[in-house]
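Me: Please take one helix of this model and look at it closely. Then work outward to whatever surrounds it and to the rest of the chain.

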Amino acid sequence: MVSEHSLSTHHHHHPPPPTKFSTSFANRIFSDVAGDITIIVDGESFLLHKFPLVARSGKIRKLVADAKNSNSNLSKLELNHLPGGPETFELAAKFCYGMNFAITSANVAPLRCAAEYLEMTEDYRDENLIERTQTYLTQVVSHSLEKSVEVLSSCENLLPLADEIGISDRCVCAITTNACKEQLVSGLSRLDCHSGSLEPKDRCHEWWIEELSVLGVVFYHRVISAMGQSGVRTDSIVASLMHYAHTSLKGIGKPHMWNPARTNNPGFVENGQKTIVESLVTLLPTEKSSSVIPLTFLFGMTRVAIMVDATLACRIELERRIAYRLEMAILDDLLIPCFQTGESLFDVDTIHRILGHFLQRIEQEEENEEFGYESDGHGSLLKVGRLIDSYLAEIAPDPYLSLAKFISMIEVLPDYARVIDDGLYRAIDIYLKAHQTLNENECKKLCKFIDCQKLSEEACNHAAQNDRLPVHLVVRVLYFEQLRLKNAVSGSCGDGLLSQKISSGVASAAMSPRDTYASLRRENRELKLEISRMRVRLSDVEKEQLVMKQGMMDKSSQGGKTLLTSISKGIGRIGIFKGHNQDQHNKRGKKLKSAARGKRHSVS
């Protein structure tokens with residue numbers, strides 16, 4: 001059995017002579033016997049002897065025979081493109097002379113390839129170099145994941161010969177097999193039988209994850225693909241992908257991030273990083289909705305893919321994976337910097353495409369409900385609606401953000417994605433404040449997306465005093481605020497609207513079954529949205545009731561007169577549509593621009 005300590009070969013016809021290897025132009029094996037042949041490898045010369053070389057190397061034997069038959073110079077031979085270069089040839093020459101040296105995981109692959117190149121087979125001598133290196137690979141390397149990784153890494157400079165003679169495939173197979181064994185052993189040792197359930201107690205990842213980071217992307221791709229087919233846990237594969245990405249793409253593009261003078265020149269991208277990104281994306285688990293892959297990692301890979309100008313297919317794959325779990329994202333995830341000259345600070349187009357994929361997913365889930373599959377598509381849509389409103393407010397101050405892009409981000413979500421429009425109103429107000437050069441038509445074009453009926457009381461109060469809004473929008477805000485108070489007094493808040501929606505849901509006899517289902521699904525969605533709005537309004541009323549109750553309790557100690565005065569004032573506020581109070585409110589609406597100018601403020 002071959003060990004890693006040493007490999008020695010002894011010839012019985014003479015003892016091994018003392019060696020003398022130098023770094024000079026001419027290297028000599030024997031110091032006491034003059035060499036009779038010079039071998040040149042990549043410009044470096046070795047003064048050696050024919051007999052020990054031709055005894056073990058079929059290639060050198062043929063070259064010497066050819067030179068002899070053609071009456072050429074027998075004293076000099078040149079070996080072009082020898083695997084491993086002069087260092088490996090020196091070890092092969094030592095082997096031919098029967099000298100002791102160690103075969104290790106660092107040199108076994110170059111030695112095996114050099115032996116193949118030199119044709120050091122069993123046809124010329126038993127236990128020749130090919131056999132010795134093969135034995136080491138089988139008995140030592142194959143049983144160790146760490147050594148297999150080291151050997152595979154050394155094969156990167158030995159292609160395509162390392163593939164042709166099977167070293168690469170053998171190492172990939174050994175790594176995968178040993179990883180499966182490690183997974184089984186570590187999984188059994190970490191099982192927690194608490195409460196009768198077999199759940200992993202410690203989800204720390206395998207030690208080999210860091211070992212694989214030394215591989216080039218080509219071999220790494222082959223190893224991870226083999227692991228996926230062999231049953232290695234998905235979370236371990238994802239952890240390896242994340243570690244490899246962080247190691248290989250560390251610090252990429254940092255000097256150019258958030259730089260106003262950023263350029264579209266990809267010269268700052270190091271060679272091969274684009275290939276790394278595209279390869280890692282193809283290795284992601286096939287389950288797009290899998291929660292094993294952190295969203296922050298997907299967004300990070302999206303940023304890098306944009307920086308290295310990865311293929312469109314690569315970026316779309318990342319965007320679709322994000323869209324499957326967009327409702328779980330946070331605002332910081334969406335803030336992807338833009339690297340195009342003259343564009344906005346943030347990459348709005350990428351977020352717009354992600355939203356498009358997300359809406360396709362929601363539509364598909366709603367269609368699946370027809371066949372009995374349960375989904376919470378509407379709940380996810382409401383979460384994303386709130387997230388996008390926060391995103392709009394964050395990008396609104398960007399002076400480079402065009403009105404068209406800002407509007408496109410508002411339009412991409414349907415109306416039923418927002419229970420209330422407070423977040424949208426805030427984002428639009430911030431945009432108007434940061435872009436004061438907009439003309440009246442542009443302001444109207446932007447503000448038309450605000451639904452006055454979906455603004456809270458606080459937002460209505462602010463909008464009524466906001467001089468950045470068009471006059472017609474302010475008037476509508478005042479009108480619907482009065483209508484809401486009137487409905488609150490009469491107790492008909494939302495009843496008429498609900499009745500109208502329910503009555504409108506009756507399907508026409510002329511509609512096809514598919515259209516009937518689509519209509520009912522739409523009406524059901526609208527009813528859910530209205531219920532959500534009523535819950536918000538009910539919450540506001542309950543808060544006001546608690547405030548009034550607390551105030552009444554505080555003033556009860558001051559006597560009945562104070563209590564009656566408080567109740568009287570409360571009734572006076574409710575009766576805003578009658579008598580003198582109504583006239584005062586109408587005058588307020590007519591003199592909005594002059595009387596309320598000192599009270600205007602921004603929500604930004």
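Reply: Start with α13. Its 13 residues should span 18 Å at 1.5 Å a residue, and the end C-alpha atoms are 19 Å apart, so the two values agree. The model is a predicted one, and side-chain atom pairs count only at pLDDT 80 or more.

α13 is mostly covered. Eleven of its 13 residues are buried. The buried set opens with Leu295, Phe297, Leu298 and Phe299. It goes on with Met301, Thr302 and Arg303. Val304, Ala305, Ile306 and Met307 complete it. Note that Thr302 and Arg303 are buried along with the nonpolar side chains.

Just after α13 the backbone does something less usual. Asp309 takes a positive phi of about 60° there. Asp309 is not a glycine. Most residues other than glycine have a negative phi. Asp309 sits in the loop that runs between α13 and α14 (312-323). Its relative accessible area is 45%, so Asp309 counts as partly exposed.

Now the neighbour, α11. This helix covers residues 234-248 and has 15 residues. From first C-alpha to last it reaches 21 Å, close to the 21 Å expected at 1.5 Å a residue. Its buried residues are Asp235, Ser236, Ile237, Val238, Ala239, Ser240, Leu241, Met242, Tyr244 and Ala245. They pack against α13 (295-307). They also pack against α9 (208-211), α10 (217-230) and α12 (273-282).

Next, the core. The largest nonpolar core has 149 residues, and Leu212, Met227 and Phe406 touch the most other members. α13 gives the most to this core, with nine residues. Phe406 deserves its own list. Leaving out residues up to four places away in sequence, Phe406 touches Leu392, Ala396, Leu401, Ala427, Ile428, Tyr431 and Leu446.

Step back to the whole chain. There are 27 helices and seven strands. Buried residues make up 43% of the 604 residues. Among contacts with a separation of 6 or more, 72% join residues 24 or more positions apart. The chain exposes about 32,100 Å², and carbon and sulfur atoms supply 53% of that area.

Aromatic pairs come next. The count is four. One of them is Phe46 with Phe89, edge-to-face, at 5.2 Å centre to centre and 65° between the planes. Phe46 lies in strand β4 (residues 44-48) and Phe89 in helix α3 (residues 85-96), so this pair ties together parts that are 43 residues apart in sequence. Both Phe46 and Phe89 are buried. Another pair is Tyr479 with Phe480, also edge-to-face, at 5.2 Å centre to centre and 70° between the planes. The two rings of that pair differ in cover. Tyr479 has 48% relative accessibility, so Tyr479 counts as partly exposed. Phe480 has 15%, so Phe480 counts as buried.

Tyr117 has a charge over its ring. Lys59 lies over the face of Tyr117, at 4.9 Å from the ring centre. Tyr117 is also in contact with His81.

His81 brings back the backbone theme. It has a positive phi of about 60° although it is not a glycine. His81 is found in the loop between β5 (76-79) and α3. At a relative accessible area of 73%, His81 is exposed. Setting aside neighbours within four places in sequence, the contacts of His81 are Asp42 and Tyr117. His81 and Asp42 are 39 residues apart in sequence, and their C-alpha atoms are 7.2 Å apart in space.

One last backbone point concerns a peptide bond. Most peptide bonds are trans. The bond from Leu159 to Pro160 is cis, with omega near 5°. Pro160 has its place in the loop between α6 (145-154) and α7 (161-164).

Back to the opening helix. α13 has eleven buried residues out of 13. The buried residues of α11 pack against α13. Asp309, with its positive phi, comes just after α13.

Definitions and conventions:
Residues are numbered from 1 along each chain as its sequence is written. Side-chain values use heavy atoms; hydrogens and water are left out. Helices (H or I, at least four residues) and strands (E, at least two) are DSSP runs, numbered from the N terminus. The expected span of a helix is 1.5 Å times one less than its number of residues. Buried means under 20% relative accessible area, exposed over 50%, partly exposed in between (1.4 Å probe, protein chains only). Contact means heavy atoms within 4.5 Å. Accessible areas come from the Shrake-Rupley method with a 1.4 Å probe; for residues, only the protein chains shown count as cover. A nonpolar core is a set of buried Ala, Val, Leu, Ile, Met, Phe, Trp, Tyr and Cys residues joined through side-chain atoms within 4.5 Å. Rings of Phe, Tyr and Trp (its six-membered ring) pair if their centres lie within 6.5 Å; planes under 30 degrees apart count as stacked, over 60 as edge-to-face and the rest as tilted. A charge sits over a ring if NZ of Lys or CZ of Arg is within 6 Å of the ring centre and within 35 degrees of the ring normal.
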